[in-house]
Structure formats: C-alpha cells, structure tokens
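Please open the structure in your viewer and keep the sequence beside it, so that each selection can be followed in both places. The tour goes from one selection to the next, with a short account of what is found at each stop.

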Amino acid sequence: MVGQQAATLAHTLARSEHPRGGLLVDSYGRRIRNLRVSVTDRCNFRCVYCMPAEGLAWLPKGDILTYEEIERLVRIALRIGVEEIRLTGGEPLVRKDLPELVRRLASLQGLKSLSLTTNGYLLKEQARGLAEAGLRRINVSLDTLDHEKFYTLTRRDSLPKVLEGLAEIERYPQVAPIKINAVAIRGLARARCSRSRGWRGASPTRCAGSSTCRSTPTRPGPRTMC
Ligand code: SF4
C-alpha cells in the first residue's frame, strides 16, 4: 500500500485502536479478514495489461509508507479482525530489504497467513531471505510458459529467470503453497493453462496450478496491482 490512500487508511485504522465498534466490516457487514499491502508502485516488468511500454511517474519516496509504518498499520488491522496479509506491489521484490518487512510482520500475534504476490523476476536471489524471514505462502504471476508470448505480455525477455525463481523457492518447504497466478486472455488462456499445469518445478502437493487465475481485459488499461 502506497501514498495518500495508505496514509488515510492508516489514520482510519488508527482511530480504531480503541474501538467502540470492534471488528472491521465492509459495507455489507461482512467481516474483513484479508488485507493486501502494496509496498511499492514500481515494477521491473511492463505487462501490456498493466503499464505503458515507456514512462510512468512513480510516487515520490516520501509518499510511500516505511516498514515501521506498515508494521504499525498491520498491527492495528490485526486488532480489528484482519488475519491474513498479502504483500504486493507493483512488484514487491524491487523494494529494498523486503525480507526485513516479512520478518517484522511474521512475528505479529494474531497473523494467520503472510503471503506475497510477485512476478518472480528477483525470486531466485531473495527466496532464501524471504523463507527464513517467515514468509509462508507465495503467488507467482506467470501468464505463459512460451518465451515469445511471455515477452509479448511482459515486454521483458525474462521467462528463464522467473522459472529459476520458482525452482529456488521450491527448496524451502516452509513456503507452501506455491501458487501460479495467470491472467486469462481470450485466445491465449486455454493453451496456457494446460501447459502451466505441467510446470516441471511443481510437485503435486505444493503447486495449486492456476487456481488463482484472474480474468482481465485484454487491452491496456489503468495500472493494476500484480
Ligand atoms: S501486472 Fe504485475 S508484473 Fe506486470 S507490470 Fe503490472 S505489477 Fe508488474
């Protein structure tokens, strides 16, 4: 979570530190148990459905919550009923020392699940640090195993590096499940899903296949979070 929105939410949640109201609920009265925390708006990919090929004004550093502020936000969220935290971006692994944030959050009382969504590009280098810091679940966004299509979709020639990252995180059994996120794109999804289920690095007990596939428009649109 970045910028003014995060600051506003932190303020709103902070006022709940001494709640009269108790648990966090949505406008339908349903309990909110999950919180996605975007740690950066930056990304090392340029997926066609997410960002323009060139140029984009990143948020000023001063608008982004520090790790201390994120920890405080999460502490407050846990007090009012949140149980699961997902770290996301942009691409969260481009944020410096992300394992340090994982370490801070993993030890918080009441947190039942701490997960990360990543494009996998920096996973090989950071897998060990994340696992040892306490990460327990991970989703890797991987739309295709076809090199050409991967390049077309992400504008980066990085499929081998993502696969190396997946293989590396498999070495840490405490991080489970490892899930693959795939954006369903008309004309591409059917072949892609059947091939993705054959991802060689996945053991049947740890890979949930494409269970978190999301449907998204095929044309470039406003920036979304990975
Ligand atoms: S979809 Fe994810 S990996 Fe692709 S550009 Fe957006 S944040 Fe980056």
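Begin by selecting Ser 141 and Asn 181, which are bridge partners, with Asn 181 lying in strand 5. Keep in mind throughout that this is a predicted model.

Now widen the selection to the two whole strands, and you will see that strand 4 and strand 5 pair in the parallel sense over 4 bridges. On the other pairing of strand 4, select Thr 117 together with Asn 139, its bridge partner in strand 4; here strand 3 and strand 4 (residues 137-141) are paired in the parallel sense, again over 4 bridges. If you trace the chain from strand 3 to strand 4, you pass through helix 4 (residues 123-133), and this β-α-β crossover is right-handed.

Next, select Ile 85, which stands opposite Leu 114 in strand 3. Strand 2 (residues 84-88) and strand 3 (residues 113-118) also pair in the parallel sense over 4 bridges, and the chain crosses between them through helix 3 (residues 98-106) in a β-α-β crossover that is right-handed.

With these pairs in view, show the whole sheet: 5 strands form an open sheet in the order 1-2-3-4-5, and the pairing is parallel. Which strands stand at the edges? They are strand 1 (34-38) and strand 5 (178-181), each of which has a single partner strand, so that one side of each is left without a neighbour in the sheet. If you look along the sheet, neighbouring strands are turned by 20 degrees against each other on average, direction ignored.

Leave the sheet and select helix 2 (residues 67-79), whose 13 residues reach 18 Å from the first C-alpha to the last, close to the 18 Å expected at 1.5 Å a residue. Colour its buried residues, which are Ile 70, Leu 73, Val 74, Ile 76 and Ala 77, and then turn the view until you look down the helix axis: the buried residues fall within an arc of 160 degrees, so they line one face of helix 2. Just after this helix, select Gly 81, which takes a positive phi of about 110 degrees.

For the last stop, select Phe 150, which lies in helix 5 (residues 147-154). Is Phe 150 buried or exposed? Phe 150 counts as buried because 20 C-beta neighbours lie inside 10 Å. Leaving aside residues up to four places away in sequence, Phe 150 touches Thr 144 and Leu 159. Finally, add Cys 47 to the selection: it is 103 residues away from Phe 150 along the chain, and the C-alpha atoms of the two are separated by 9.3 Å.

Technical notes: Residues numbered from 1 in each chain as written. Predicted model: local features only at pLDDT ≥ 70, side-chain atom pairs only at ≥ 80, totals over all residues. Buried ≥ 20, exposed ≤ 12 C-beta atoms within 10 Å, placed from the backbone. Contact = placed C-beta atoms within 7 Å. Pairing = 2+ DSSP bridges. Right-handed = clockwise from strand over helix to strand, strands pointing away. Axes fitted to C-alpha atoms, helices over the stretch in contact; angles between N-to-C directions. Expected span 1.5 Å × (residues − 1). Arc of directions from axis to C-beta.
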